[in-house]
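Visitor: I am new to this structure and should like to learn how its features are read. May we go through them one at a time?

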Amino acid sequence: MSLRDGDLQIGEAASEPAGEPESQEGKQEGEQEGERKAEQEGKQKAEGKREGEGRGRSIAGWTTTVLACLFVLFGLVAPTEAARLTPGAFVRIPVEALVGVAVLLVLPARAGRVAAAVAGAVLGLLTIVKVVDVGFDAVLVRRFDLVLDWILFGSAMEFLSASVGRPGAIVVVGAVVILAVAVPVLMTLSVLRLNRLVTRKRTTAIRAVAVLGTAWAACAALGAQIVPGVPVASGSTAALAYDHALQVRASLNDDKAFRSEAAVDAFRGTPGGRMLTGLRGKDVVLAFVESYGRDAVQDPEFAPQVGAVLDEGSRRLRAAGFASRSGFLTSPTAGGGSWLAHSTLLSGLWINNQQRYRSLVDSNRLTLNRAFQRADWRSVAVVPGVTRAWPEGRFFGYDQVYAARDMGYRGASFSWATMPDQYTLTMFERYERANRAKRGHAPVMAEIPLLSSHAPWAPIPKMIDWKDVGDGSVYKSMAASGKKPDAVWRHPSRVRAEYRRSIEYSLNSLISYVETYGDDNLVLVFLGDHQPAPIVTGAGAGRDVPITIVARDPAVLSKISGWGWQDGLKPGPDAPVWPMSAFRDRFLTAFGSQRSS
């Protein structure tokens, strides 16, 4: 047994090496199979990765194409009026796009690329013009003049610097410059991308043009509109280009037309002894109240409070022996450009752009100031808004100009306004009327543009006792504790409320001045220069401004009895309306100036 067992053991042991080669071969085969599976899985992963990258590129490509299409659509259909910038205004079919695609379909590939690049650049420039038009409409209630309005950007920079500080203004200007470069470049790239799409999808493009062209024609025939005044069948970009081309032509010819108008002056040769005889011995103050427009006395949001100031002022002045008459003038500007209104009233010419203003101040036109000067009045300008050299001031005819630096103000500025209106009137009284004896009792004619109601209408001064005005130091704490422009301009309702309060302050300053310093020899003419911006008035507001004459001597107001102006400081809805350019001649005629032969 033992031997057999041992043999058995030996036999079993001997049988193990015989199976070892088979186990090694299986192992190798398993390793090879694993490698094949790993290689296959790697290929699948690589293919999946490539497919994912392809899908990502495809999604990115279509996203870019959609964005390019939306950008081009914005350039083609965006309105030029701020009030119409609503989502519905972009649901339109631009005929320029349909014509553009049709042209690209018939042009050879190379010519199509050139045409697309040119069209993109032109559309980019027109888009910038549209954006600027929106800005001008929001502030000045008109379109941008490609010939005459470039100088206004300097004024805008000054306003920004005064309102938000010079660093903030520089940031804003830098952003504007970047956008001005980026928009034409991006628009050109967008149109080129859409051109490639049209080339690849010719059949789809042809069908789309046919369907949308039919829809455009139907909407045009029916006058379809989603937003009132904005037709679905759009041709606004072509119309914009055409209108601006006509405007350029008119602007280039305007100087010749203006010089022809300026050559006619009925009072050019009238001797001083025959001028303004009905005002002999009177001190005449011509005060412009910034942004004081018809809406201030008639809009339901402002009229109750502003009207109360004017009605109470009429009562107070009547108690002091003064009477007043009021009407309306139509200003050549709105929202800004005060100097255009000032020069229109003083020259008797319609000054509605900077070119006309420059031509005027280079001429020898007889201004209202110079007419008083010719008639032996002392003519002065109290101009707190003048903070630098003002060479055109020589044209108007002043014996003395009191600019901001000449008025001894030691207080703080109120945003854009260098000093409060009450201080301005105090300085005029001190420097001129209180010193009348030193001038040999010669009467004074003063032009005084008041600034406290100038945008951004924050902070606003408060009335104080006239004897406390001093050198203006009292206003430092008042300005520091007042509302800040950035807080006010976050909400349009706050802007309107502060605008109203600023008008109330300016009117109260004038009324209180007449009460405090007025006498038989004072005649006050005060008026608005223009309506405020549409953020205050809303869209569609006119350009009328109130004008009032105040005097204690009844002979003064009897001279204008034929004007039909209404009694009191507040003109009613039916008060007469004249062009502002008509005032000079009517004023000179009413107060005794005889036209030259």
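Guide: Let us begin with contacts. The model is predicted, and E498 serves as the case: beyond its neighbours within four places in sequence, E498 is in contact with W457, I460, K483 and V488.

Visitor: Where in the chain is E498 found?

Guide: E498 belongs to helix α17, which covers residues 492-517.

Visitor: Is E498 buried or exposed?

Guide: The general idea is to compare the relative accessible area with a cut-off, under 20% being buried and over 50% exposed. E498 has a relative accessibility of 3%, so the residue counts as buried.

Visitor: Which side chain does the side chain of E498 join through a polar contact?

Guide: The partner is R501, and the polar contact between the two side chains is 2.5 Å.

Visitor: How does A480 read by the measure of exposure?

Guide: A480 has a relative accessible area of 57%; because this is over 50%, the residue is exposed. The place of A480 is in helix α15, residues 475-481.

Visitor: What separation in space is found between A480 and F414?

Guide: Here one sets separation along the chain beside separation in space. A480 and F414 are 66 residues apart along the chain, and their C-alpha atoms are separated by 8.9 Å.

Visitor: How is a pocket described, and how much space lies in the second largest pocket?

Guide: One may look at its volume, its lining and the character of the lining residues. The second largest pocket holds about 1,100 Å³ of space. Its lining has 38 residues, of which V72, A97, L98, V101 and L194 are the closest to the centre. By character, the lining residues comprise 29 nonpolar, six polar and three charged.

Visitor: Which elements each supply at least two residues of that lining?

Guide: They are α1 (2-77), β1 (93-94), α2 (95-106), α3 (109-140), α5 (166-200) and α6 (202-222).

Visitor: What is the span of α6 from its first C-alpha to its last?

Guide: One compares the span with the value expected at 1.5 Å a residue. Helix α6, with 21 residues, reaches 30 Å, close to the expected 30 Å. Just after α6 comes G223, with a positive phi of about 65°.

Visitor: How many helices and strands does the whole protein chain have?

Guide: The protein chain has 20 helices and 13 strands. Of its 597 residues, 45% are buried. Among contacts between residues at least 6 apart in sequence, 77% join residues at least 24 apart.

Note on methods:
Residues are numbered from 1 along each chain as its sequence is written. This is a predicted model: local features need pLDDT of at least 70, side-chain atom pairs count only at pLDDT 80 or more; totals for chains, interfaces and linings use all residues. Side-chain values use heavy atoms; hydrogens and water are left out. Helices (H or I, at least four residues) and strands (E, at least two) are DSSP runs, numbered from the N terminus. Buried means under 20% relative accessible area, exposed over 50%, partly exposed in between (1.4 Å probe, protein chains only). A polar contact is a pair of N or O atoms within 3.5 Å; within protein, one must be able to donate a hydrogen and the other to accept it, and residues adjacent in sequence count only if both atoms are side-chain atoms. Contact means heavy atoms within 4.5 Å. On a 1 Å grid over the protein atoms alone, a cavity is a set of points where a 1.4 Å probe fits but cannot get out, and a pocket is an open set with protein on both sides within 12 Å along at least five of seven lines; lining residues have an atom within 4 Å of a point. Grid points are joined across faces, edges and corners, and a volume is the space filled by probe spheres set on the points. Ala, Val, Leu, Ile, Met, Phe, Trp, Tyr, Cys and Pro count as nonpolar, Asp, Glu, Lys and Arg as charged, and the others, Gly among them, as polar. The expected span of a helix is 1.5 Å times one less than its number of residues.
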